[in-house]
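Here's a quick briefing for anyone opening this structure for the first time. Have a look at it below, then read on.

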Amino acid sequence: MISKGADPKYYLAEHTGKATGCCGGMSTFHGVDPEYGLMGAAGTVGSCFPVTVGWGLAAKKNNTGQVAVCCFGDGTSNRGTFHECALMVNNWHLPVIFVCENNGIGMFVSADQAHPVEDISSLAQGYGMPSAVVDGQDVMAVAEAMLAALDRARKGKGPSMIEAKCYRFCSHALGIPDFEGADLRPKEKIDEMRKRDPVTLCREQLLEQGVLTQDDVERIGQAAADEVAAAEKFADESPVAQPDGLDQLLYAK
Ligand SMILES: Cc1ncc(C[n+]2csc(CCOP(=O)(O)OP(=O)(O)O)c2C)c(N)n1
Ligand SMILES: [Mg+2]
């Protein structure tokens, strides 16, 4: 949501169940904000695919030049909806990008337990869809792959799939143990992977290339910290969402 330009304060208010959130505090973290092109997130993993077919079809029929991007995890790619929708977006040459964030695990099930192949994006071949595997910790690599896929979709050449290999740094949710199958995930591995945090890597790249100075890094870091503090204050001070707020939300527009 933030990368599409939505203000973090509306996201945080949503996440904390406040009436000022982007969905009136009713969605937990499955925020939607059409103003920023955020057309849907849902609690049922895999329900993102059919919606993406719809938005892709709408963009094509209305000739809007828009591209529907569907982000999902390695675990989510196991849903039948992935396959049905991969078939449809390809048959209809829709402007769609499937982005699989393969962080190696879905809740407690590691990707290698759930998938017979290493690259989930290889599934795309069966539907005639080009695909790319990128280092998901590398912001520039992801941007490059996305720009190529966007260009392809906008030129009417149809959908593509990107698999971004990344890593989950925390447990699936706060308060639940970080198991992989029957075992706790090794802390050493997580600490090792944290060294490749995308923000750290990107900062190092930009410093190395002379795009940013150390002063810039500190200024941007401070601005981000201030923005988060303001978002927290806004969320804390906002009223808790009430059931009748849902009526207002649904029927106000
Ligand atoms: C249909 C369905 N089954 C199970 C769940 C519970 N659930 C929520 S997230 C999740 C794991 C998703 O894993 P993945 O797609 O790899 O995403 P990640 O959390 O790793 O980003 C599961 C099983 C759900 N929300 N919907
Ligand atoms: Mg995952």
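**Around the ligands**

In this predicted model, 13 residues surround ligand 1, and the ones that come nearest are Gly43, Gly75, Thr76, Asn103 and Ile105. There's also a magnesium ion, ligand 2, held by protein donors from Asp74, Asn103 and Ile105.

**Ligand 1 and its shell**

- Sorted by class, the shell around ligand 1 is made up of eight polar, three nonpolar and two charged residues.
- Glycine 43 brings a backbone N or O atom to 2.6 Å from a nitrogen atom of ligand 1.
- Valine 45 also uses its backbone: one of its polar atoms there sits 3.1 Å from a nitrogen atom of ligand 1.
- With asparagine 103, it's the side chain that takes part, with a polar atom 2.9 Å from an oxygen atom of ligand 1.
- On its own, ligand 1 would expose 580 Å², and the protein buries 63% of that.

**The magnesium site**

- The protein donors to the magnesium ion (ligand 2) are OD of Asp74, OD1 of Asn103 and O of Ile105, at 2.1 to 2.2 Å from the ion.
- Along the chain, these donors are spaced as D-x28-N-x1-I.
- Aspartate 74 belongs to the loop between strand S1 (68–73) and helix H3 (80–91), while isoleucine 105 is in strand S3 (residues 105–106), so this pair ties together parts 31 residues apart in sequence.
- Are aspartate 74 and isoleucine 105 buried or exposed? Both of them are buried.

How values were computed:
Residues numbered from 1 in each chain as written. Chains lettered and ligands numbered in written order. Predicted model: local features only at pLDDT ≥ 70, side-chain atom pairs only at ≥ 80, totals over all residues. Heavy atoms only, no water. Near = heavy atom within 4 Å. Polar contact = N/O pair within 3.5 Å; in protein donor to acceptor, adjacent residues only side chain to side chain. Areas by Shrake-Rupley, 256 points an atom, 1.4 Å probe, with all protein chains shown as cover. Nonpolar A, V, L, I, M, F, W, Y, C, P; charged D, E, K, R; others polar. Donors = N, O, S within 2.8 Å, 3.2 Å for Na, K, Ca; no water. Helix = DSSP H or I, 4+ residues; strand = E, 2+ residues; numbered from the N terminus. Buried < 20%, exposed > 50% of the residue type's maximum accessible area, 1.4 Å probe, protein only.
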